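Colleague: I have a new model open and some questions about it. Could you take me through them one at a time?

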Amino acid sequence: EEILVQKFFNRLLYSKDQNIQLLTAVVMLRDMKEVPDSIVNNLAANDKYRAYLYRFLKRFNKLDKFPAKYKQQELMARSLLVATSDYDRIDSMVLIKVITTTHLKDTGQVFFYKYRINKDDLWKMAFSGFQPGNKKEVATNNTFTVFSEKVLNYELPELEQFQNEFKKLKISNTKSGKYFYIDEDYKRF
């Protein structure tokens, strides 16, 4: 019977569905079962699953199983953004700038991206963060993680547009400013 259970979990672990792989790997690691490094590495390498893997491993005190090369703020910020997206596929996502900001007495990093869903689409703005102030640490905090539907205006400085939109996002993340920009075109998750 134990061999049948082991075979069943191995089949799940090598499933083509990475959601199933993720959940199976985490359950097995939580229960002190061996999971091939290749499976964990493939999940950590994938933008869609990296943040989830990290979050689960942290919850089960198994962060030692998370591959060190993927424990970077920019990679986690990108993963949080992609993982919370409703889009099946994103053609391009380009890091524009990393800023340091404060939120609720904490200092941390927020990442500005421009993205497009299809190759012929106009570029839009996206934000991801709040990564810790200590750049050697990562977090799965998505306080400022949002795909804006705001299209970049090529006649204005790109960074200025990002900074203006981030100010709005920051205000909307406070109790008193929650509904201030209600008519803005944010796709919040």
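Colleague: How much space lies in the largest pocket?
Modeller: Keep in mind that this is a predicted model. Rolling a probe the size of a water molecule over the atoms shows where empty space is left. For the largest pocket, that space comes to about 270 Å³.

Colleague: Which element gives the largest share of the lining of that pocket?
Modeller: The lining residues are E2, V5, Q6, F9, N10, V27, M28, D31, K33 and E34. Two helices, α1 and α2 (18-30), each supply at least two of them. The largest share is five residues, and it comes from α1.

Colleague: By class, what is the lining made of?
Modeller: Take V5 and F9, which are among the lining residues. Both belong to the nonpolar class, while E2 is charged. The full lining has four nonpolar, two polar and four charged residues.

Colleague: What span should helix α1 have, and what is the distance between its end C-alpha atoms?
Modeller: Helix α1 covers residues 2-13, which makes twelve residues. The expected span uses 1.5 Å times one less than that number, so α1 should span 16 Å. The end C-alpha atoms agree with this, as they are 16 Å apart.

Colleague: How many of the twelve residues of α1 are buried?
Modeller: A residue counts as buried under 20% relative accessible area. Helix α1 is hardly covered. Its count of buried residues is one.

Colleague: Which element gives the most to the largest nonpolar core?
Modeller: In soluble globular proteins, nonpolar side chains tend to be buried together. Here the largest nonpolar core has 23 residues, and L22, V35, L43, L53, F66 and M76 touch the most other members. The elements that give two or more residues are α2, α3 (37-45), α4 (47-59) and α5 (73-83). With six residues, the one that gives the most is α4.

Colleague: Which residues is F66 in contact with, leaving aside its neighbours within four places in sequence?
Modeller: F66 is one of the core members that touch the most others. Two of its contacts, L53 and M76, are named in that group as well. The full list is A44, R50, L53, Y54, L57, K71 and M76.

Colleague: Is I96 buried, partly exposed or exposed?
Modeller: I96 lies in strand β1, residues 92-103. Not counting residues up to four places away in sequence, I96 touches F112, Y113, K114, E158 and F162. F112 and F162 belong to a second, separate core of 13 residues. The relative accessible area of I96 is 26%, so I96 is partly exposed.

Colleague: What distance separates the C-alpha atoms of I96 and M28?
Modeller: M28 is one of the lining residues of the largest pocket. Along the chain, I96 and M28 are 68 residues apart. Their C-alpha atoms are separated by 38 Å.

Colleague: What is the phi of L104, and what is the phi of K105?
Modeller: Most residues other than glycine have a negative phi. L104 and K105 are both found in the loop between β1 and β2 (106-116). L104 counts as exposed at 70% relative accessibility, and K105 is exposed at 85%. Neither is a glycine, yet phi is positive in both: about 50 degrees for L104 and near 70 degrees for K105.

Colleague: What pattern does the protein chain follow along the sequence?
Modeller: The secondary structure comes to six helices and five strands. Buried residues make up 42% of the 189 residues. Read along the sequence, the pattern is α-α-α-α-α-β-β-β-β-α-β.

Key. Residues are numbered from 1 along each chain as its sequence is written. This is a predicted model: local features need pLDDT of at least 70, side-chain atom pairs count only at pLDDT 80 or more; totals for chains, interfaces and linings use all residues. Side-chain values use heavy atoms; hydrogens and water are left out. Helices (H or I, at least four residues) and strands (E, at least two) are DSSP runs, numbered from the N terminus. Buried means under 20% relative accessible area, exposed over 50%, partly exposed in between (1.4 Å probe, protein chains only). On a 1 Å grid over the protein atoms alone, a cavity is a set of points where a 1.4 Å probe fits but cannot get out, and a pocket is an open set with protein on both sides within 12 Å along at least five of seven lines; lining residues have an atom within 4 Å of a point. Grid points are joined across faces, edges and corners, and a volume is the space filled by probe spheres set on the points. A nonpolar core is a set of buried Ala, Val, Leu, Ile, Met, Phe, Trp, Tyr and Cys residues joined through side-chain atoms within 4.5 Å. Contact means heavy atoms within 4.5 Å.
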